[in-house]
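Hi,

Here is the structure I said I would pass on to you. Have a look at it first, and then read my notes below.

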Amino acid sequence: MKKLNTFLFMTLSIVFALAFTACVEDDDYNIPELEITEPDITPNTTISLVKEMYSGSFVDFDEANNGGELIIEGYVVSNDEAGNLYKVLIIQDAPENPSAAIQLDVDLTSMFALYRPGRKIYVKLNGLGMDDMNGVLHIGAIEGTSVGRISAFDYTNYIIRSAEVATIVPKVITPSEFNDSYINMLVQIDDMQLRSEEVGQPYGYPDNTFTINRYLKNCNDDSETILRNSGFSDFKNQMFPEGRGSVVAIFSKYNADYQLFIRDTNDVMFDSDRCDPLFEETFSAAVDNTTLDLPGWTNFVTEGTELWTEQVFSGNGYAELNPYNSGDATVVSWLITPGIDLDTQEGELLSFQTEHAYPDSGHDPLAVLISTDFDGTTAGIATATWEPLTFDVSYKVDYGEWYSFTDSGAIDLSSYSGMAYIAFRYTGSDTGNQNMTLHVDNVKVYVP
């Protein structure tokens, strides 16, 4: 009896092992993969044409094509192995320089075992639908007049693997090029870094599973891009790299905001020095309707009574000078930065933003000046040498252009040396319609 039991155990073990091996279809290097035979499938449409079927409402592919067969092909660019992407399979129409991409919703986890980046797949669309979710088109199982996930029990009826595995080359784009055509593509954005306020933070929340937005700043145009990290990702506790470099990610969107999803931390290649400016003030710590009092800044009025104030509107802080109702016949008010060392580097540039309201035609109240002999005291304002700087002004008479921030442009400071101070000097009056409201924000001295 003992020998019989041993024989049965060995026999069942062999059968189980063979059955398990026959069922495994995996690209993991640690698991041998059975050879894939190229399926006898011919695509008859493209991702681009399929996306054009969407005109603002749910698409049932059977109805859209009068029951005719629809088949697309694409290359996998997603990877859920690190947990930052969940139950989605994202494909684009070419491994390099794609023209379109789409998201497939599948009720399956660990899809990386079957669909690693580069795997070509075919998708049979009959029986599926397409809809928009917060600005992103996605394909899935039909649930009434909306789209759900394709079932884990029959997803292979719709998604068929090809034997081809290509090398995916991320599409290199810049923040100024962001648009909906890149949604779901694998992109690369260069000269990015974590914004300074978040340096020293991990990718996610260490103590909970909430999703977090990290903000990447571009060193070329100062734009910020949302990097969305799941609270279930394997890397949420890892520290975010502090340097500057390239990020490879799935390009996405949430309502009006473009955002990125990395597949794992290998997509963040920040191995260069940061591009932090020599000086920057965004007035993010402004306290609404208070006299401006920031460390190192000089806020002083030489004529009249009106000092610069801190203001906050819709969460954005800025400096304001508004002489309205002051009764001052003349207002000359100075807002001067802390000293900025121009000797430790070359090619410095200055930029800032201004906006205005209630202008008097022909009167521009703002002068921006630089001094390298100012001693940092209010008494020294009158004795220092101040040279005017040329910038793009926000002064507009048209009511429709009021309260609209205007970039100053890049102002060359490379001819100056030593410790420099930048002054924003307002000259106006509460009489004669010269009481323009003026705002200053995002003052920065940097080396490009």
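Below is what turned up, going from pockets to salt bridges to aromatic rings. Keep in mind that this is a predicted model.

**Pockets**

Let's start with the largest pocket, which holds about 860 Å³ of space. It has 34 lining residues, and the ones closest to its centre are Leu85, Tyr86, Val88, Gln103 and Phe261. Several strands supply at least two lining residues each, among them β3 (88-92), β4 (101-105) and β15 (257-261). Strand β14 gives the largest share, with 4 residues. If you sort the lining by class, you get 12 nonpolar, 14 polar and 8 charged residues.

The second largest pocket comes in at about 550 Å³. Here 24 residues form the lining, and Lys217, Asp222, Glu280, Asn442 and Lys444 are the closest to the centre. Two or more lining residues come from each of β17 (279-281), β24 (349-357) and β30 (437-446). The class count for this pocket is 4 nonpolar, 9 polar and 11 charged.

**Salt bridges**

How many salt bridges are there? The count comes to 14. Here are three of them to find on screen.

Take lysine 217 and glutamate 280, whose closest N and O atoms are 3.2 Å apart. Lysine 217 is in strand β12 and glutamate 280 in strand β17, so this salt bridge ties together parts of the chain that are 63 residues apart in sequence. Is lysine 217 buried or exposed? Its relative accessibility is 11%, so it counts as buried, while glutamate 280 is partly exposed at 31%. You have met both names already, as they are among the residues closest to the centre of the second largest pocket.

Next, arginine 195 bridges to glutamate 224, at 3.2 Å from N to O. Arginine 195 sits in the loop between β11 and β12 (212-218), glutamate 224 is in strand β13, and 29 residues separate them. Both partners are partly exposed: arginine 195 has 22% relative accessibility and glutamate 224 has 40%. This pair also belongs to a network, in which salt bridges with shared partners join Arg195, Glu198, Arg214 and Glu224.

The third one is between arginine 244 and aspartate 191, at 4.0 Å from N to O. Arginine 244 lies in strand β14 and aspartate 191 in strand β11 (residues 186-194), 53 residues apart. Arginine 244 is partly exposed at 25%, and aspartate 191 is partly exposed at 27%.

**Aromatic rings**

The aromatic pairs come to 16. In one of them, phenylalanine 283 and tryptophan 297 are tilted, with 5.8 Å between centres and 50° between planes. Phenylalanine 283 is in the loop between β17 and β18 (290-291), and tryptophan 297 is in the loop between β18 and β19 (298-303). Phenylalanine 283 is buried at 2%, and tryptophan 297 is buried at 11%.

Tyrosine 318 and phenylalanine 405 make an edge-to-face pair, 6.3 Å centre to centre with 65° between the planes. Tyrosine 318 lies in strand β21 (residues 316-321) and phenylalanine 405 in the loop between β26 (387-388) and β27 (406-407), so the pair ties together parts that are 87 residues apart in sequence. Tyrosine 318 is buried at 8%, whereas phenylalanine 405 is partly exposed at 27%.

Two more to look up: Phe178, Tyr182, Phe251 and Tyr258 form one aromatic cluster, and lysine 444 lies over the face of tyrosine 446, at 4.3 Å from the ring centre.

Cheers

Conventions: Residues numbered from 1 in each chain as written. Predicted model: local features only at pLDDT ≥ 70, side-chain atom pairs only at ≥ 80, totals over all residues. Heavy atoms only, no water. 1 Å grid on protein atoms, 1.4 Å probe; cavity = no way out; pocket = protein on both sides within 12 Å on 5 of 7 lines; lining within 4 Å. Points joined across faces, edges and corners; volume = space filled by probe spheres on them. Nonpolar A, V, L, I, M, F, W, Y, C, P; charged D, E, K, R; others polar. Salt bridge = Lys/Arg side-chain N within 4 Å of Asp/Glu carboxyl O. Buried < 20%, exposed > 50% of the residue type's maximum accessible area, 1.4 Å probe, protein only. Phe/Tyr/Trp six-rings, centres within 6.5 Å; stacked < 30°, edge-to-face > 60°. Lys NZ or Arg CZ within 6 Å of the ring centre and 35° of its normal.
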